[in-house]
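Q: I'm new to reading protein structures and would love a guided close look at one part of this one. Could you take me through it slowly?

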Amino acid sequence: MEPLTTERLTPADVERAAELLRSGGTVALPTETVYGLGADAASDEAVAKIFSAKGRPPGHPLIVHVSSTVAVEDWAELSDPRAGLLAETFWPGPLTLILPRTDRVSDLVVGGRENVGIRVPAHPVALALLAAFAEIGSGGVAAPSANRFGHVSPTTAAHVLADLDGRIDAVIDGGSARVGVESTILEIIGTDVALLRPGGISVAQIEAVLGEAVVDARRTDSRAAGMLESHYAPRAIVQLVESVDRSELKAGVGVIGPVEVEHPNVWFLADDAEAYARGLYAALRAADQAGMARVLIVRPSRGELLDAVLDRLAKASAQR
Ligand code: TXA
Ligand code: MG
């Protein structure tokens, strides 16, 4: 692709960012989960730029982001009462619902499917951008995580630039992502509520609100790119370990997790899944930057987001 000049924007520049979206450009934006790479969800031409910037194979569907539950109804059918209840409880927030789509959604966003993934993000800068874009354009922003395909998701603007500088029109710096892992994805089509990806809202929280069990569809459904093995992966070889053996701590070997050992390349993360989630992707990227050939990771043992963290660790350590 032709190199672009990537504008560095601040939260004061949301009007400029909305204008770039209106004219069919790509803008990386902060959300509470990870940074997204956004484009007008109503435009095939704009959405195509997301795929080429990321090197994402076509057919992998994208999540549409809007500023409010009312705006969701332009893009998806919220008629199932369970969808309405989850929307009311968790939006704005780190929950994506897969719902029947409307005609407004670009075909490229859904890769030919009849259903669309949609969410209202809980980040003031994302919400301000979505509201500004609704004034002058479609108001829907298709946005996958703003990383090169298969790489670790970005939780800061610097991470976005490390992957996509010169490949996108702009990035808005909104600080570090508060949650640090992607949204939970639920499909509500037909009778079951199915979990496609664990994320920023736990299944326990969802079941408490619905009063019914969520069906785990992770293994049987390969539609979500995030479900491919070997995703969210750094360059370094990742090994999950129960504890760190001192004899392994050589040069070029990094350690991530709730471990306190004397070693120059330890990225400490607390034994609490929320705090761990917040720091994990930055630690994986830092280990690559420090030139680690191998990274030993010790899992967290508790916390509301344990399922989401263990899922990402399994993927980062999968054979490739
Ligand atoms: O937290 C998040 O969800 C972040 C922020 C930017 O919102 N976005 C994100 O997008 O993680 P992405 O594209 O990296 O992952 C979205 C996942 C993909 O695995 C995709 O296959 C799945 O959602 N997905 C999207 N639309 C779908 C659909 N219509 N049917 C099934 N899966 C869908
Ligand atoms: Mg992604």
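How do the residues of the lining of the largest cavity divide into nonpolar, polar and charged?

A: Happy to help! Please keep in mind that this is a predicted model. The lining of the largest cavity divides into 6 nonpolar, 3 polar and 2 charged residues. The structure holds 1 cavity of 30 Å³ or more, and about 50 Å³ of space lies in the largest cavity.

Now let's put names to that lining. Thr184, Leu195, Pro198, Gly199, Ile201, Ser202 and Val203 belong to it, together with Glu304, Leu305, Asp307 and Ala308. Thr184 lies in strand S9, which covers residues 184-188, while Asp307 and Ala308 lie in helix H10, residues 306-316.

Helix H10 leads us on to another helix, because H10 is among the elements that cover the buried residues of H9. Helix H9 runs over residues 273-289, 17 residues in total, and spans 24 Å from its first C-alpha to its last, close to the 24 Å expected at 1.5 Å a residue. There is a bend of about 40° in H9 at Gly279. Gly279 is also one of the buried residues of H9. Others on that list include Ala273, Tyr276, Ala277, Leu280, Tyr281, Ala283, Leu284, Arg285, Ala287 and Asp288. As you look at these positions, remember a handy rule: an α-helix has 3.6 residues a turn, so residues three or four places apart point the same way. Besides H10, the cover over the buried part of H9 includes helix H7 (157-164) and the strands S13 (253-257), S14 (266-268) and S15 (294-298). Just after H9, Gly291 takes a positive phi of about 80°.

Helix H7 gives us a link to a further helix, H2 (residues 44-54). The buried residues of H2 pack against H7, and also against strand S3 (36-40), helix H5 (107-110) and strand S7 (141-142). Those buried residues are Ala46, Val47, Ile50, Phe51, Ala53 and Lys54. After H2 comes Gly55, whose phi is positive, near 70°.

Two of the buried residues of H2, Ala46 and Ile50, are touched by Thr26. Thr26 sits in the loop between helix H1 (14-22) and strand S2 (27-29). Why is Thr26 counted as buried? Its relative accessibility is 1%, and buried means under 20%. Beyond four places in sequence, Thr26 also touches Leu37, Gly38, Ala39, Lys49, Ile168, Asp169 and Ala170.

Let's return to strand S9, where our cavity lining began. The loop between strand S8 (170-172) and S9 holds Gly174. Gly174 is partly exposed, with a relative accessible area of 23%. Leaving aside neighbours within four places in sequence, Gly174 is in contact with Pro30, Tyr35 and His123.

Strand S9 also includes Ile188, which is in contact with Arg82. Arg82 belongs to helix H4 (residues 81-90), and at 17% relative accessibility Arg82 counts as buried. Further contacts of Arg82 include Gly190, Thr191, Asp192 and Val193, as well as Leu210 and Glu212. Arg82 and Val193 are 111 residues apart along the chain, yet their C-alpha atoms are separated by 8.6 Å.

Finally, come back to H10 for a last stop. Ala233, in the loop between strand S11 (215-216) and strand S12 (237-241), is in contact with Ala316 of that helix. Ala233 is buried, with a relative accessible area of 8%. Its other contacts beyond four places in sequence are Gly150, His151, Val152 and Arg320.

Conventions
Residues numbered from 1 in each chain as written. Chains lettered and ligands numbered in written order. Predicted model: local features only at pLDDT ≥ 70, side-chain atom pairs only at ≥ 80, totals over all residues. Heavy atoms only, no water. 1 Å grid on protein atoms, 1.4 Å probe; cavity = no way out; pocket = protein on both sides within 12 Å on 5 of 7 lines; lining within 4 Å. Points joined across faces, edges and corners; volume = space filled by probe spheres on them. Nonpolar A, V, L, I, M, F, W, Y, C, P; charged D, E, K, R; others polar. Helix = DSSP H or I, 4+ residues; strand = E, 2+ residues; numbered from the N terminus. Expected span 1.5 Å × (residues − 1). Bend = angle between axes of the 7 residues up to and from the residue. Buried < 20%, exposed > 50% of the residue type's maximum accessible area, 1.4 Å probe, protein only. Contact = heavy atoms within 4.5 Å.
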